[in-house]
Amino acid sequence: MTANLLELRNVSKVFRIGGLVFGTRLVAVDDVSLSLPAAEPSILSIVGESGSGKTTLARIILELEHPTSGEVLIEGHPLFEKGGAGLKGRDYYRAVQPIFQNPFEAFNARKRVDKYLFNAALRLKIAANRKEAREIVAEVLESVGLDLSRVEGKYANQFSGGELQRISVARSLIPRPKLIVADEPVSMIDASLRMNIVNLFLELKEQYKVSFVYITHDLSTAYYVSDYIGIMYRGSVVEYGPSEHILTDSAHPYTELLLDSVPTVDHKWERQVALPDFELKEFQAQACKFAKRCPYVQPICERTIPPMVPISDERQALCYKPVDFAPNSVKQTGANEALATAGK
Ligand SMILES: Nc1ncnc2c1ncn2[C@@H]1O[C@H](COP(=O)(O)OP(=O)(O)O)[C@@H](O)[C@H]1O
Ligand SMILES: [Mg+2]
C-alpha cells in the first residue's frame, strides 16, 4: 500500500492566552484528521474565515509549530516523533516547502533576491556547483514566467508583490518538493494578478508533479484550483472531500452558508460570518461550534460534539445533519456507524 503524501491524525493545537491564573485555553486546531493521497499530485485547499486556525495548521505541517496532540505524517514518516525515524532536516525540506502570505517578508530587503535562489540550490545539495545552481535557478524561474537576467542582482523592493511571490514559488520548487504549503499566497497581491498565481499552481502540479496545500479565505479560487477541499470553522475541519462534491452538494450547513456568501461581483469572500465575542466561546464549546447559527440545529447539537460522519469513500462532515437528511443509504450507514462510535 502506498502511504499518503500527507496525513494528519487527530491533530490539535492549544494556545494558552491571558495570564496563568485568569488565562484560558484556545483550541486553534481541534482534532483535525485528513489525508492527501500520494498516487497523483493534487491540490488541497483549506478554506476558512480569518481566525479559523488555517495558519496554525499550515505551521504544524511545516514543522514550525508543534501540535499539542496528534500526528502528522509525510509519506508515512511521522514528524515530531521523539527519537523516531521521521523526516529530519534536509530530507524534510526537500519534501515539503513553504510559500508565505507576504512575499516582502520572505526576502530580507538588504539581500539580493537571486542569492536566496542560488543558496537554496547549493545548501540543500540540489546543485553540486555554481554552474549547476545557475541552470536550476534559471529553470525554476522560467517555470514561473520569469527570466534569470531580469531577476539577477536585484533586491526585493525592485519587484512588484506579484513578481516577488512568483520568485517565492520558484524558490520553493528548487528542492523538487513533493508538497508545497502555501498560506494565503495571493491575499497580499493585486486582485487582478491573483488568478495568475493560482493558475501557476495548476501548471506546476502537472509539470513538477508537486502537490499543494493551498490555504485561503477565498472560496472561489479554492473551487477553481482544488482537487480536495477542507472547510475550517473555529479550529475544526467541518467538511472534507473532493472539491466538486463539496461545492455542488455540500453536507455541512457552514459550507452552505459560505457558498451563499460568495459575492459574485469580484469573486472575493471576506465576509466575517461570526461576531468576535462569539469566537472564544465557540472555540471552547463542548458541542457543535456552529450550533448557535445553524438553521438545522437539533437538541443533540447543543449537548455533544458531533462526530466526523463519512458520507462517501472520500467525503466527511462534522455534523449530525447527514443522519436525518441523508438521501441515500451510503450516508445513512456511515452516519449511523459514526454515531454509534460517538456513543449516541
Ligand atoms: N501563538 C499564538 N498564541 C495564542 N493564540 C494564537 C497564536 N497563534 C494563533 N492564535 C489564535 O488561534 C486562532 C487561529 O489563528 P490562525 O491559525 O492564525 O487562523 P487563520 O490563519 O485562519 O486566520 C486565532 O484565534 C488566533 O488568535
Ligand atoms: Mg492565517
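Select ligand 1 together with T56, and look for the place where an oxygen atom of ligand 1 is 2.5 Å from an N or O atom in the side chain of T56, a polar contact (a pair of N or O atoms within 3.5 Å; within protein, one must be able to donate a hydrogen and the other to accept it, and residues adjacent in sequence count only if both atoms are side-chain atoms). The model you are looking at is predicted, and for that reason local features need pLDDT of at least 70 and side-chain atom pairs count only at pLDDT 80 or more, while totals for chains, interfaces and linings use all residues. Residues are numbered from 1 along each chain as its sequence is written, chains are lettered from A and ligands numbered from 1 in the order in which they are written, and side-chain values use heavy atoms, with hydrogens and water left out.

**Around the ligand**

Add T55 to the selection, where a polar side-chain atom lies 2.8 Å from an oxygen atom of ligand 1, and then S52, which brings a polar backbone atom to 3.1 Å from an oxygen atom of the ligand. Taken alone, ligand 1 exposes 570 Å², and the protein buries 65% of that, these accessible areas coming from the Shrake-Rupley method with a 1.4 Å probe, where for residues only the protein chains shown count as cover.

Which elements give two or more residues to the shell around ligand 1? They are β1 (6–17), β2 (24–36) and α1 (54–61), where helices (H or I, at least four residues) and strands (E, at least two) are DSSP runs, numbered from the N terminus. The most is given by α1, with 3 residues. There are 13 residues around ligand 1, of which G51, G53, K54, T55 and T56 come nearest; a residue is near a molecule or strand if one of its heavy atoms lies within 4 Å of it. If you colour the shell by type, you should find 4 nonpolar, 6 polar and 3 charged residues, with Ala, Val, Leu, Ile, Met, Phe, Trp, Tyr, Cys and Pro counted as nonpolar, Asp, Glu, Lys and Arg as charged, and the others, Gly among them, as polar.

**S52 and helix α1**

Go back to S52, which is found in the loop between β3 (43–47) and α1. At 1% relative accessibility S52 counts as buried, where buried means under 20% relative accessible area, exposed over 50%, and partly exposed in between (1.4 Å probe, protein chains only). The side chain of S52 reaches the backbone oxygen of E49 at 2.7 Å.

Now select α1 itself. Its buried residues are K54, T56, L57, A58, I60 and I61, and because 6 of the 8 residues of α1 are buried, the helix is largely enclosed by the rest of the structure. After α1 comes E63, whose phi is positive, near 65°.

**Salt bridges**

Next, show the charged side chains and look for salt bridges, each being a side-chain nitrogen of Lys or Arg within 4 Å of a carboxyl oxygen of Asp or Glu. By this rule the count comes to 18. Begin with R59 and E65, whose closest N and O atoms are 3.1 Å apart; R59 is partly exposed at 32% relative accessibility, whereas E65 is buried at 18%.

Move on to E163 and R150, a salt bridge in which the closest N and O atoms are 2.8 Å apart. Because E163 lies in helix α7 (residues 161–173) and R150 in helix α6 (residues 148–151), the pair ties together parts that are 13 residues apart in sequence.

Then select E256 and K321, where the closest N and O atoms of the salt bridge are 3.3 Å apart. E256 lies in helix α11 (residues 253–261) and K321 in helix α14 (residues 321–325), so this pair ties together parts that are 65 residues apart in sequence. Of these two residues, E256 is partly exposed at 22% relative accessibility, and K321 is buried at 13%. To end this stop, select E7, R9 and E71, which are linked in a network of salt bridges.

**Cysteines**

How many disulfides does the structure hold? It holds 0 disulfides, a disulfide being a pair of cysteine sulfur atoms within 2.5 Å. Select C301, whose sulfur is 6.0 Å from the closest cysteine sulfur, in C288, too far for a bond; C301 counts as buried, at 11% relative accessibility. Finally select C319, where the closest cysteine sulfur is in C294, at 6.1 Å, and is again too far for a bond, while C319 is buried with a relative accessible area of 8%.
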